[in-house]
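Visitor: Hi, could you walk me through this structure? I'd like to ask questions as they come up.
Guide: Happy to, let's open it up.

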Amino acid sequence: MKIYIFHASAGHGHQRVAEVIEKVFHMRGLSADEVKVEDSLHSTSPFFRWIYPESYYRMVRDHPALWGWFYETFDLPGVYKMIRPFRESINQLEGGRLLKRMRREKPEHILCTHFFTAELFSRAKLKGKIKATVTTVITDFYPHAFWVHPGTDYYWVMNEESETELRRRGVPKEKIRVGGIPVDPAFKPTGRKKELLKKWGFKEDRFTVLFSSGSFGLGPTDKALAELEHYADRVQCFVVCGNNRHLKSRLDKEHFSFPVQVFGFVDFMADLMEASDLMVAKSGGSSTVESLAKDLPMVVFHPIPGQELRNAQFLKSHNASFFMEHPEQIKNILKAIFENPDLIKDKHKMIREIAKPNAADDLVTFILEEERK
């Protein structure tokens, strides 16, 4: 058996989901020769490999409103119908070398956690160029037009709302599997909160807030931390700066009147979530499902227009998170939690209703069962 899992390094979430799927396959006993994860951009031209993630990063960092406009406009059926031939031509040109290799290697199954390869391989499957089963793992709560292609064998989606949206776009029900966005098994609750707080010198009787800036290091972290001085006797904070070295350097020099631990890019986010009572973060797909799996309520801050805003709208519709537009609002959120403990209990209840912590296991089970048919 040979299974390929393709992502694209435009945002860390697509890669993280791909690696989680690979990990669970290995946990099931499949070898590295049988299951491989690959960044699809590594097979493209040097310019495309640079401009694809760089343009996305620059847009969401410097012009988020413009990014949101493009995202929503390109999702309109009439607009997407016009740009689709151009996208397909670019993808075929840049993905040509990768497609040739897959035709040569003949994997039984191809999973795509990014729409670049979802389009490339589903089109190839439709034209009979490959025989592999093509499964698209949609890494956001609601599908965009970029994800939907007629040659796709299966779509693995987060929730029933995602299924409804795909069916509205003409995808047959039998092609859709509602199983959740795959999340690392490490994000299941472990009951080690006390142990982890002690590890970082934090106290059990303080309210622990985790600030996560995502891989790009974006967010209101420093200003929100300043607001928490109002509760200096009650709070303690973990701060993950991601790849934002300037933010980490700036916070390392700050002196807070409450306990604060500052990190750069970490590979122990599951432990930090386990130790925390609340997380302030953007509503990216993988970060959001990780917090749901950990049963950790989020404060969603000013989501980037586009996929993050849609994810936030899902959380809001289920009353599963707190929301703030400005950093100073964190103070009022904590005030409400401290004055009414049932408030956060209600969030936990709603989280448990929508979380799918076994999504990766269920996806791997589905793929293996398909291969046995």
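Visitor: Which residues of helix 12 are buried?
Guide: Bear in mind that this is a predicted model. Within helix 12, which covers residues 307-317, the buried residues are Gln307, Glu308, Arg310, Asn311, Ala312, Phe314 and Leu315.

Visitor: And what does the backbone do just after helix 12?
Guide: Asn319 comes there, and its phi is positive, at about 55°.

Visitor: What lies over the face of Phe323?
Guide: That would be Lys316, at 6.0 Å from the ring centre. There is also Lys347, which lies over the face of Phe322 at 4.9 Å from the ring centre.

Visitor: Let's switch to sheets. What is the order of the strands in the sheet that holds strand 1?
Guide: The order is 2-1-3-4-5-6, an open sheet of 6 strands with parallel pairing. Strand 2 and strand 6 (176-178) each have a single partner strand, so one side of each is left without a neighbour in the sheet. From one strand to the next, the twist averages 20°.

Visitor: How many bridges join strand 1 to strand 2?
Guide: There are 5 bridges between strand 1 (residues 3-7) and strand 2 (residues 35-39), and the two run parallel. His7 stands opposite Asp39 of strand 2. To get from strand 1 to strand 2 the chain passes through helix 1 (residues 12-27), in a right-handed β-α-β crossover.

Visitor: Which strands does helix 4 lie across?
Guide: Helix 4 (residues 77-105) lies across strand 1, strand 2 and strand 3 (109-112), and runs at about 170° to strand 1. Helix 15 (residues 359-372) lies across strand 1, strand 3, strand 4 (133-137), strand 5 (154-157) and strand 6. The angle of helix 15 to strand 5 is about 165°.

Visitor: What comes after strand 2, in the loop before helix 2?
Guide: Ser40 lies in that loop, with helix 2 spanning 46-62. With a relative accessible area of 1%, Ser40 is buried.

Visitor: Which residues does Ser40 touch, leaving out those up to four places away in sequence?
Guide: Ser40 touches Phe6, His7, Ala8, Leu98, Phe116 and Thr117. As for Ile3, its C-alpha atom is separated from that of Ser40 by 14 Å, and the two residues are 37 apart along the chain.

Visitor: Phe6 caught my eye, and I like aromatics. How many aromatic pairs does a search of the whole structure find?
Guide: The search finds 27. In one of them, the ring centres of Phe6 and Phe121 are 5.3 Å apart and the planes are at 35°, so the pair is tilted. Phe6 is in strand 1 and Phe121 is in helix 5 (residues 115-126), so this pair links distant parts of the chain, 115 residues apart.

Visitor: Is Phe6 buried or exposed?
Guide: Phe6 is buried, because its relative accessible area is 0%. Phe121 also counts as buried, at 0% relative accessibility.

Visitor: What kind of pair do Trp200 and Phe263 form?
Guide: An edge-to-face one, with 6.1 Å from centre to centre and 75° between the planes. Trp200 sits in the loop between helix 7 (193-199) and strand 7, while Phe263 is in strand 9, 63 residues apart. Both Trp200 and Phe263 are buried.

Visitor: Which residues form an aromatic cluster with Trp69?
Guide: Phe70, Phe74, Tyr80, Phe115, Phe146 and Trp147 join Trp69 in one aromatic cluster.

Visitor: Back to strand 9, then. What is the strand order in the sheet it belongs to?
Guide: That open sheet has 6 strands in the order 9-8-7-10-11-12, and the pairing is parallel. Its edge strands are strand 9 (260-263) and strand 12 (322-324), each pairing on one side only. The twist in this sheet averages 20° from one strand to the next.

Visitor: How many bridges join strand 7 to strand 8?
Guide: Strand 7 (residues 207-212) and strand 8 (residues 235-240) run parallel and are joined by 6 bridges. Thr208, for example, has Gln236 in strand 8 as its bridge partner.

Visitor: Last one: which strands does helix 13 lie across?
Guide: Helix 13 (residues 329-339) lies across strand 7, strand 8, strand 10 (278-281), strand 11 (298-301) and strand 12. Helix 13 runs at about 155° to strand 12.

Definitions and conventions:
Residues are numbered from 1 along each chain as its sequence is written. This is a predicted model: local features need pLDDT of at least 70, side-chain atom pairs count only at pLDDT 80 or more; totals for chains, interfaces and linings use all residues. Side-chain values use heavy atoms; hydrogens and water are left out. Two strands pair if DSSP finds at least two bridges between them. Helices (H or I, at least four residues) and strands (E, at least two) are DSSP runs, numbered from the N terminus. Axes are lines fitted to C-alpha atoms, for helices over the stretch in contact, and angles run from 0 to 180 degrees between N-to-C directions. Contact means heavy atoms within 4.5 Å. A crossover is right-handed if, with the strands pointing away from the viewer, the path from the first strand over the helix to the second runs clockwise. Rings of Phe, Tyr and Trp (its six-membered ring) pair if their centres lie within 6.5 Å; planes under 30 degrees apart count as stacked, over 60 as edge-to-face and the rest as tilted. Buried means under 20% relative accessible area, exposed over 50%, partly exposed in between (1.4 Å probe, protein chains only). A charge sits over a ring if NZ of Lys or CZ of Arg is within 6 Å of the ring centre and within 35 degrees of the ring normal.
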